Amino acid sequence: MNVNFFIFLVLIPVIGCAQGNKSKNTNTKNQVTMKTLHEYRATTIDGNEFNFSELKGKKVMIVNTASKCGLTPQYVQLEQLYKKYGAEKFVIIGFPANDFLGQEPASNEEIAAFCQKNYGVSFQMMEKISVKGKAIHPIYQWLTLKEQNGVQDASVTWNFQKFLIDENGNWVKSVSPKESPDSEEVLNWLNN
């Protein structure tokens, strides 16, 4: 048997296997493309569509809120933070949610009135959503799942959990619900 012919017979299956593995790795059904916040949309508390691509170039804090929670007074620090750092380079987005002991039972209209009357909230509030479970909103899927945000799994543990997103729409970190919105951790992030 010719040596060249023998090498040819050995290499054909090897090349075939390598190409087979290569095609498996490029199968787009199995790959998850990392997204940024800027690829999402949501509905504001007054029923308008909000495109998060409008936030390009700004740092973003997303927080799930509730009107009847022991942490509800954090609205004060959130509003102060927004007034001090907000609009040009920083925004806060509030997502009311009734996922923890029914602490946000109100309608969108009632929530908006409560926030304005009691805390003078001027940052953007969204319609009430679910931040966990089967009905979780797509933005919160992105915020809580490493396979979507590319950084870390971070389940929402209670009302007023904060998520920090950079100017490019990339997930930076999750901040505990008990941590004040104007904590050193948040201020360091804002000032860098």
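**Note on the predicted model: cores, sheet and selected residues**

1. The largest nonpolar core of this predicted model comprises 26 residues, and those with the most contacts inside it are Phe52, Ile62, Phe95, Ile139 and Tyr140. Four elements each supply at least two residues of this core: strand β3 (59–65), strand β4 (90–96), helix α4 (138–144) and strand β6 (162–165). Helix α4 gives the most, with 4 residues.

2. Ile139 deserves separate mention. Leaving out residues up to four places away in sequence, Ile139 touches Leu37, Tyr40, Arg41, Ala42, Phe52, Ile62 and Phe95. Of these partners, Phe52, Ile62 and Phe95 are also listed among the residues with the most contacts inside the core. Apart from this core lies another, of 24 residues, which includes Ala106, Ile111, Phe123 and Trp189.

3. The sheet is open and consists of 5 strands in the order β5-β4-β3-β6-β7, with mixed pairing. Its edge strands are β5 (124–125) and β7, each of which pairs on one side only. Helix α2 (residues 74–85) packs on the sheet and touches β3, β4, β5 and β6; the direction of α2 makes about 155° with that of β4.

4. At the β7 end of the order, β6 and β7 (residues 171–175) run antiparallel and are joined by 4 bridges. Lys162 has Val175 as its bridge partner in β7, and Leu164 has Lys173. The two strands form a hairpin with 5 residues between them, and Gly169 in the turn has a positive phi of about 85°. As background, strands of a sheet pair through backbone hydrogen bonds, either parallel or antiparallel.

5. Thr65 belongs to strand β3. Is Thr65 buried or exposed? Its relative accessible area is 0%, so Thr65 counts as buried. The side chain of Thr65 is joined to that of Tyr75 by a polar contact of 3.0 Å. Beyond its neighbours up to four places away in sequence, Thr65 touches Tyr75, Gly94, Phe95, Pro96, Ala97, Glu104, Met125, Asn159 and Phe160. Phe95 is thus a contact partner of Thr65 and of Ile139.

6. Two residues other than glycine should be checked for their backbone geometry. Most residues other than glycine have a negative phi. Leu101, in the loop between β4 and α3, has a positive phi near 55°. Phe160, in the loop between α5 (146–149) and β6, has a positive phi near 70°. Their surroundings contrast: Leu101 is exposed, with a relative accessible area of 71%, whereas Phe160 is buried, with a relative accessible area of 0%. Phe160 is also one of the residues touched by Thr65.

7. Ser122 is situated in the loop between α3 (108–119) and β5. Its relative accessibility is 42%, so Ser122 counts as partly exposed. Which residues does Ser122 touch, not counting residues up to four places away in sequence? They are Glu79, Tyr82 and Lys83. With Glu79, the side chain of Ser122 makes a polar contact of 2.5 Å. Ser122 and Gln80 lie 42 residues apart in sequence, and their C-alpha atoms are 9.9 Å apart in space.

8. Leu190 is placed in helix α6 (residues 184–191) and is buried, with a relative accessible area of 12%. Outside its neighbours within four places in sequence, Leu190 is in contact with Lys59, Leu81, Tyr85 and Phe90. Leu190 and Leu81 are 109 residues apart in sequence, yet 10.0 Å apart from C-alpha to C-alpha.

9. How many disulfides does the model contain? The count comes to 0, the criterion being a pair of cysteine sulfur atoms within 2.5 Å. Two cysteines may be noted in this connection. Cys69 is buried, at 9% relative accessible area, and Cys115 likewise counts as buried, at 2% relative accessibility. Both values fall under the 20% limit for a buried residue.

Note on methods
Residues are numbered from 1 along each chain as its sequence is written. This is a predicted model: local features need pLDDT of at least 70, side-chain atom pairs count only at pLDDT 80 or more; totals for chains, interfaces and linings use all residues. Side-chain values use heavy atoms; hydrogens and water are left out. A nonpolar core is a set of buried Ala, Val, Leu, Ile, Met, Phe, Trp, Tyr and Cys residues joined through side-chain atoms within 4.5 Å. Buried means under 20% relative accessible area, exposed over 50%, partly exposed in between (1.4 Å probe, protein chains only). Contact means heavy atoms within 4.5 Å. Two strands pair if DSSP finds at least two bridges between them. Axes are lines fitted to C-alpha atoms, for helices over the stretch in contact, and angles run from 0 to 180 degrees between N-to-C directions. A polar contact is a pair of N or O atoms within 3.5 Å; within protein, one must be able to donate a hydrogen and the other to accept it, and residues adjacent in sequence count only if both atoms are side-chain atoms.
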